[in-house]
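User: I would like a close look at one part of this model, namely the nonpolar interior and the charged pairs that accompany it. Please give a single connected account.

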Amino acid sequence: MSLPEALRDDVRTLGALLGEVLREQAGHTLYERVEQVRALAKRARAGDEKAAESLSNVLGELPVGEALPVARAFSLFLQLANIAETHHRLRTGTPQPSSKSRAAVHEGPGPGDCTTTFRELIRAGVAPEQLHATVSQLRIELVLTAHPTQVLRRSLLQRYNDIAATLERRDAGMEPHFEEALRRMITIIWDTDEVIRKKPSPAEEAKGGLTVLEQVVWHALPVWLRRVDEALREHTGLGLPIEVAPVRFGSWMGGDRDGNPNVTAERTLECHRLGRWMAADLFYKEVDVLRGELSMQSCNSELRARVGDSREPYRALLREARDKLQATREHMQALLDGETPSAVPYYHDERELWDLLMLCYRSLNDVGQEVVARGRLLDLIRRLRCFGLTMVRLDLRQDSDRHAEAMDEITRYLGLKPYLECSEPERQAFLLSELQSKRPLLSEDFPLSDDAREVVDTFRVARRIGPEGLGAYIISMARQPSDVLAVELLQKAVGNPSPQRVVPLFETLDDLERAGSVMRQLFQMPWYHSHINGQQEIMVGYSDSAKDGGRLTANWWLYKAQEEVVRVCQEHGVHPTLFHGRGGTVARGGGPTHLAIQSQPPGSIDGSLRVTEQGEMIQAKFADPRIAVRTLETYVAATVDATLAPPRAPEQSWRERIEELSRVACDGYRSIVRGTDRFVEYFRHATPEQELGALNIGSRPARRKRGGGIESLRAIPWIFAWTQNRLNLPSWLGVGRCLDRAFAEGHRQEIQQMYAEWPFFRATIDLIEMVVAKCDPTSAARYDRRLVPADLQGLGAQLRKDLQVTIDRILEVTGHKLLLETYPEGRLSLEARNPYIDPINLLQIELLRRLRQAGEDPPQEVWEAFVMTVNGIAAGMRNTG
C-alpha cells in the first residue's frame, strides 16, 4: 500500500519545484549535494549498510557553509509535505481517526461534525428539545497560550498558508498558473531568514495569537456557526439562538507570569490594549461594509424613534457605531503609544454596540426583511458575542508561592504573625477574617519589595482592565485552600469591584491526589461557598504531572482527580468547569480533540469545557479557515456528545488493574529519571536540551529557577529535547515495564478487554502507540555514539531496549501486528518522512559536536545551521514540545 495518488502527486510537485528553486537560487552544486544525500538516505532506510555509512561520512564532513543550506533544503521539503498532507485531508474530507478507531499520527483537528453527531444522538433516544438546550447552553473556551517551542517565524508561517491556499484554488480551477505561483512562494521562503534573531516580548507573542484570530478565525466563525445552526434546525426544528456563542477565546499571552519575569503588570495592560485595538479595528471595518449594504428605508418604530426622519435609518444608526469604533481604536492606539487619548467618547464595553446591532436586527425582522437580517448583520452580531470588544479574555497566572511571599511581607509590616510561619489552619483563619472585614488591608503606598509589589500591581491592573477583558486568575502549583483564599484576599485588598474567578491549578501527582480534598474544604467554608455562586472552575495540568510520573500514570491520576472533583462539586451543589492544560504532544496531554474529550470521566464534561491551545497547535488547528471551521465544529460535536452520551464508567476490576499498572509505570519512570545515577548528565549529552534553552523561541525562560536538574526544567523543553533525538522518552517510559509485569502475572486478557471496552484506556494506549511509532531508536543510538561519554552509553542502550519492550507489549494489547495497523495512512506518512528526517538528525549530531567543542562562543554559522536542524526535525515529527 502506498500514499493516495493525489497526495503523492502534490508532494512530488512541491518537491520538484523546490529542486528548481535550489538550482536557481543556491546553484547546481548544492542541488546535487541534496540529491546525493537524499538518495543515500533512502537506500540507508531500505537497509543498505554501506549507504548508511556513506551518508554519515558525507554529512559529517560537510563544511558548515554547506551544512546550513542542506539542512534548510530538507527542512523545507518536510514543511511542504506537511502542507500537502493537510490539504489532502481537507480536500477529501478524510477525518483523522476517532476514539472508535485509531489515534491520529499528527495532532490536529479530529473527526466529528455536528450533523452526524446530532443525528446519532437523536437515534440513541436524546429528545430534540434536550439536544437544542444542550447546544444552546454550551460554554467552551479555547485559551491561546504562547509556546516556547514554536520554532517558525510568523512571516514563514504566512507563506506556508499561502501555499495551502494556492493548492485549494488550483483544485477549484481558480489558479491556472499554480506552478508558477507555488515556485514564486517557495523562492520567497528560501530567501527569507528562518532564524528567530531575538526572543519575542510578551506583546509580540500576544500579537501572534491575535493575528490568527484576525486573519483566520474572524472569517471562519460565521461559517462554523451557520453549520451548527443548520444542523440544529435539521434535527431539532430550532436554530441556534442569536445570543449564543458556543465557543469563546481566552489567552495567556501577556497574562501568564508563572516563572516569566518578562510578563509584568505593565505588559499585561499592553496586551489587553492590543486586543481592544484589534477588536475595534475589525468591527469598524465590518460595520462600515454593513452600513454600505443596508441602504433600505423601511424600519420599525423603535429604530425610527432612535434616528428621527433619516431616509436611510440603518445607515444613520451604523454611522454612529462606526464613528465610535474609530474613536475606540484611536483611544487604544494613543494608550499603546504612551500618549494621552482624546476625550472623544468610545466604547468601554460591548453592551452598547450589542444593543445597537440588535436594534437593527429587530427592525429588519419586524418589517419582513428576515433574509437581510440573517446575512452579514447576523454574522457581525455573532462575532460580537464571541470576541466581545477585547478579542480574547486574558487569564492571569502566577505561582502560589509568589502570593504567599507577598502575604508574608504584608503580615510582617502589620505586626502580625508572619504568614509563611503560619500553619494551614492559621492561614485560613487569617484570610477568612480579612475577607469578611470591612477595613482595607492595603493602602496605595503600602511599602513592599519589588517582587511583592509586582504581585500586588497585577491585581491593580486587573481592577483597571475590568471583567470584560479578563478571564480566570490561575494559581499554579495550588496545594492548599489557603492558596485560593490568598488570591481572593489580594483582589479584595486592591478594591476590585468585579474580582476574577479564582482557579486552582493542580499539576503534580501529589497535588492531583489532594485536589478533591482541597475543594471540599473550600466548599465547606460558608463565605467561600456563598462567594462562588454555585460555579467553580478547576484546572488540571497535563505537562507537569507527566514529567512527575510518566504519561500513563499521569493520565490515570488526572482521571481520578477529575472524578473526585466532580463528585465533591455535586455533593455541595456546585457546577464544575474543568480546565484542561493540555499541550501539543502526547507527553503533555495532547492528541486529537475528539479522542481527548470522549475519553474524559463520565460527568466531567457537562456542557462546559476550557482547554489550552498552545503555540504550534494554534497554527495546526487555526491557520487555515477550513481547518479552523473543522476544529470549532469538532469541539462542539465532541462536547455535546460527551454531555449527552458520556462514556461508560470503568468496571471496579479495571480500576484496580490500572491502579497497579499506574504504580508500576510510575516506579519504572522514576527509577530512571530520578533514581539513576548520572541520568541528568546522560540527558544533557544525548539531547540538545542545553542548546535549545538558548534559542529565541519564547519570552519565558526554559527553567523556572536557575540551575537544578530535571525538576527545575519546564515540561515543554524536557519533551522538546527528547523529540529532537527521536527517542520521545517522556511519552512511553514505564509503560513497557508495567504491561510486561501484568502480562507475566496473567492479566493479558483483562487488559485487552479494557482496551476494547473502556474509552479512556483505549485512548491512552492509542496515543502511546502513536508516539512510539514516531520513535527511531537507530537515530537515538547515533546521538549516543557521537555525543555521549562511553561510560554513559549503556544507559542509552537500556532505554532503547525498554522502548522495544514497550512496542511489543502495546502490540499485544491492541492485537495488531504493526504499529498503527488500523491507520495505514499515518504509518505510510511516517515511513515516507524518515529518509528526509534522517539526514537532518545526522547533521544535528555533527553540529552539536562542533558547538560543544567551541564552548561558550561558538561560530555564528554553526549555531544557525543547528537552528535549521531543530526546525527540520520539528517539521518532520510534526510537533516539538
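Which residues does Met-407 touch, not counting residues up to four places away in sequence?

Analyst: The model is a predicted one. Leaving aside residues up to four places away in sequence, Met-407 touches Tyr-419, Phe-430, Leu-431, Leu-441, Ala-486, Leu-489 and Leu-490. Met-407 belongs to the largest nonpolar core, which holds 266 residues; together with Phe-249 and Phe-761, Met-407 touches the most other members of that core. The element that gives the most to this core is helix H9 (residues 202-236), which supplies 15 residues. Separate from it is a second core of eight residues, among them Val-143, Trp-252, Val-503 and Met-539.

The charged side chains may be considered next. The count of salt bridges comes to 80. Several charged residues are joined beyond a single pair: Glu-141, Asp-395, Arg-501, Glu-537 and Arg-610 are linked in a network of salt bridges.

Three individual pairs can be described in detail, each within a helix. In the pair formed by Arg-567 and Glu-564, the closest N and O atoms are 2.3 Å apart. These two residues are three places apart in helix H22 (residues 551-571), so about one helical turn separates them. Arg-567 is partly exposed, at a relative accessible area of 39%, and Glu-564 is also partly exposed, at 24%.

The second pair is Asp-667 with Arg-663, a salt bridge whose closest N and O atoms are 3.2 Å apart. Both residues are in helix H26 (residues 652-673), where a spacing of four residues corresponds to about one turn of the helix. Asp-667 counts as partly exposed, with 41% relative accessibility, and Arg-663 is likewise partly exposed, with a relative accessible area of 40%.

The third pair joins Arg-827 to Glu-831, with the closest N and O atoms 3.9 Å apart; this pair counts as a salt bridge because the cut-off is 4 Å. Arg-827 and Glu-831 are both found in helix H36 (residues 824-854), four residues apart, which is about one turn of the helix. Their burial can be set side by side. Arg-827 has 19% relative accessibility and therefore counts as buried, the limit for that class being under 20%. Glu-831, in contrast, is partly exposed, with a relative accessible area of 44%.

Conventions. Residues numbered from 1 in each chain as written. Predicted model: local features only at pLDDT ≥ 70, side-chain atom pairs only at ≥ 80, totals over all residues. Heavy atoms only, no water. Core = buried A, V, L, I, M, F, W, Y, C linked by side-chain atoms within 4.5 Å. Buried < 20%, exposed > 50% of the residue type's maximum accessible area, 1.4 Å probe, protein only. Contact = heavy atoms within 4.5 Å.
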